[in-house]
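Here is a short briefing to read alongside the model. Keep the viewer open, and pick out the side chains as they come up.

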Amino acid sequence: MSVDFQPLVSNTLLILLIVPLVALALAGIFFRQRGSLIRSLAVAALIAALFNPIVVNEEREPLKSVVAVIADRSQSQDIGVRSADTDAALAQVQAALARLPQFEVRTVESGRSAENDDATSTRLFGALNGAFRDVPPARIGGAIMITDGQIHDIPANKSGLGFNAPVHGLITGTPNEIDRRIQFVRAPRFGLTGKPQQITYRVTGAGEPLGGRAGVRVRVNGTEVSSQDAIIGEDMLLEVTLPRAGVNIVEIIVDTVPGELTEVNNRAVAMIDGIRENLRVLLVSGEPHNGERTWRNLLKSDASVDLVHFTILRPPEKQDSTPINELSLIAFPTRELFVERITDFDLIIFDRYQHRDVLPLLYYDYINDYVQRGGALLIAAGPEYAGNMSIANTPLLSVLPAVPTGNIEERAFYPRLSEQGKRHPVTRGLEGSTQEPPNWSRWFRVIDVNKPEGEVVMNAGDRPLLVLNRLGEGRVGMFLSDQGWLWARGFEGGGPHAALYRRIAHWLMKEPELEEEALTAKGSGRNLEIRRQTMAKTADPASIITPSGKTQSVPLAETEPGVFTASVPMEEIGLYQVANGDLTTLAHVGPVDAPEFADNVSTTAKLDPLTRETGGGARRLRESADQASVEIPNIVASRGAASASGDNWIGLRPTNETVLKSVDRLPLFSGFLGLAAMIFLLGGMWYREGK
């Protein structure tokens, strides 16, 4: 209830009326005139009537304080019984708050999201701010957080909260937990394949003394390559060799100890891109021809290729008076190339080469051995391949995928992808191949062969045009036409010669992306992206093993011929194992250095300073591992106390805020009551003056 004034006239007129009346009343009192008291009362009543006092009676309903209960559902809460303890504590807190009607409870579960990379860290105060987003600070009664204490967005002080109310922490886990952790201190992002890479790592152990030793195993792409002892707390040096180009996953795994909290952070992962040193290619052209420069220009334009090119301008049987120094800058070093240094080359190309005793027959045996041991050979055949001097008539025959019939077909044709070629990574998706006829120029010559071995990926009508074959540990390719230069010269619009030639060369040199049967996986945000390349028309579901050891099956859908993919959202952060048929691969989802796994030991230390500053506190739900069940402190409503926490209780602050329901207004000098008072006082003044 309150009194409000609403003057009947303006302030200026009110002053002009009040000042003379007050002066007359005071003068009467000063000169002790009769009736001055009653006159003063009449003046006071008149002034009060001019001010128009109103009694206001408001009916208000008290508002509830808003309390947030934050449940930590981060991945570290899956350790041991923490998740079950969180559920039990949450139920007890909700039941206790239900008995306090002055509080409105908002429960938020936070810490894990498949759509947000921030879920790799525990950000409970961000969730708390979200719960209070629409609440005025005066109505906030406090917050209760059920967590293991490993929170990564704790404000520096209570001013960062945005409200003045107690914050309490109920900590899962138990005291004196033991946990080992291994982490990379320095790891390169890139490295040369086949060369040692230096990596520095450190093993730390909560509950273990510094200087102790721990066994560490090293894996590269899932294969264990070495082991060593690490000194706990010290930086350790490690050397690994990257076996392949592209992404290599290096794992270091520290042995567990009895009673250890979790093995999740006993493994650290570094993803290192392997870069191959420049590929060394030997190109031997049997004679100058239109297509020779096409191969040379393509290989020279590839920054990853070191090219050695020889063109045989004059065979040994051709003798004339031309000085030898005008035919070449250096003699053809056959012994050095094909005997002493043959293993230095990643690919040997015979471009329209024919046997003219430039190479002794024995050297072809060296080439055969080179291929069988993992080398790569490409035959770019022309008319000479069907003649008497064909290399098919040498010991090289044992590695050639196709034997000529002796026929050469010279007719116009469009090179077309075979059914295998539509699925093979060398020819799949070549620009212009999806149209009929293909959107590229025609060729006019093809060498006829008998029953080629391997995979025919391009045809010239009903004749093989491009054959790819695996032999021992090596690979052999054969192009049965020398007309590819028509595409390079733009004849009839040209064609994708650069893409085709480059893919052939890199497939022969075992580029991982061009493998016919390949399984790759990678993390994209919180999704696991799986890609399966196969020559088969169907692909079985992929099998996934999560970091926690759970297994799930994922169907693969064909997105283009020979390519099957899947994208699967994942809740866990860490290293996933993916298998399909006989192929396996690894992929890491989420940041490799996610804060969520930096420290898994439960603690009150991180949250305690802030909670104490707000008047609250952080306490454990279990004081020991032997405690049968969790126990929460009593929850009470506390007003005005500096501390809202005690030995066995925690307090939340009710608000003084109310909401207006109705208003009653009673004017004191209006109606019959005001009129009667005025008449009584004026009549009394007149009566007194009449005597």
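The charged end of Arg-475 sits over the ring of Trp-507, and 4.9 Å separates that charged end from the ring centre. This is a predicted model, so please take every distance and angle below as computed from predicted coordinates. Trp-507 belongs to helix α9, where it is one of the buried residues, and that helix is a handy place to begin.

**Helix α9**

- Helix α9 covers residues 497–508, 12 residues in total.
- From first C-alpha to last, α9 reaches 17 Å, close to the 16 Å expected at 1.5 Å a residue.
- Which residues of α9 are buried? They are His-497, Leu-500, Tyr-501, Ile-504, Ala-505, His-506, Trp-507 and Leu-508.
- A useful reminder when reading that list: an α-helix has 3.6 residues a turn, so residues three or four places apart point the same way.
- Just after α9, look for Lys-510, which takes a positive phi of about 65°.

**Aromatic rings**

- Searching the whole structure gives 10 aromatic pairs.
- In one of them, the rings of Trp-440 and Trp-487 have centres 5.0 Å apart and planes at 45°, so this pair is tilted.
- The two partners come from distant parts of the chain, 47 residues apart: Trp-440 is in the loop between β20 (415–417) and β21 (446–450), while Trp-487 is in helix α8 (residues 485–488).
- Trp-440 has a relative accessible area of 4% and is buried; Trp-487, at 3%, is buried too.
- Ring pairs join Trp-440 and Trp-487 with Trp-295, Trp-443, Phe-479 and Tyr-501 in a cluster. Tyr-501 also appears among the buried residues of α9.

**Salt bridges**

- How many salt bridges does a search of the whole structure find? It finds 36.
- Arg-217 and Asp-255 meet through their side chains in a salt bridge of 3.7 Å, N to O. Arg-217 lies in strand β10 (residues 213–220) and Asp-255 in the loop between β13 (246–254) and β14 (267–275), so the pair ties together parts that are 38 residues apart in sequence.
- Both ends of that bridge are partly exposed: Arg-217 has 26% relative accessibility, and Asp-255 has a relative accessible area of 34%.
- Arg-335 and Glu-340 form another salt bridge, with their closest N and O atoms 3.6 Å apart. Arg-335 is partly exposed, with a relative accessible area of 47%.
- Between Asp-482 and Arg-352, the closest N and O atoms of the salt bridge are 3.0 Å apart. This pair spans 130 residues, from Asp-482 in the loop between β24 (474–479) and α8 to Arg-352 in the loop between β17 (347–351) and α7 (361–372).
- Are Asp-482 and Arg-352 buried or exposed? Asp-482 is buried, with a relative accessible area of 8%, and Arg-352 is buried as well, at 11%.
- Asp-482 and Arg-352 also belong to a salt-bridge network that links them with Glu-287, Glu-384, Glu-410 and Arg-445.

**A sheet of 3 strands**

- An open sheet has 3 strands in the order β7-β9-β12, with antiparallel pairing.
- Its edge strands are β7 (179–186) and β12 (235–241), each pairing on one side only.
- On average, neighbouring strands of this sheet are turned by 35° against each other, direction ignored.
- Strand β9 (residues 196–206) pairs with β12 in the antiparallel sense over 7 bridges. To find the register, start at Gln-198, whose bridge partner in β12 is Glu-239.

Technical notes:
Residues numbered from 1 in each chain as written. Predicted model: local features only at pLDDT ≥ 70, side-chain atom pairs only at ≥ 80, totals over all residues. Heavy atoms only, no water. Helix = DSSP H or I, 4+ residues; strand = E, 2+ residues; numbered from the N terminus. Expected span 1.5 Å × (residues − 1). Buried < 20%, exposed > 50% of the residue type's maximum accessible area, 1.4 Å probe, protein only. Phe/Tyr/Trp six-rings, centres within 6.5 Å; stacked < 30°, edge-to-face > 60°. Lys NZ or Arg CZ within 6 Å of the ring centre and 35° of its normal. Salt bridge = Lys/Arg side-chain N within 4 Å of Asp/Glu carboxyl O. Pairing = 2+ DSSP bridges. Axes fitted to C-alpha atoms, helices over the stretch in contact; angles between N-to-C directions.
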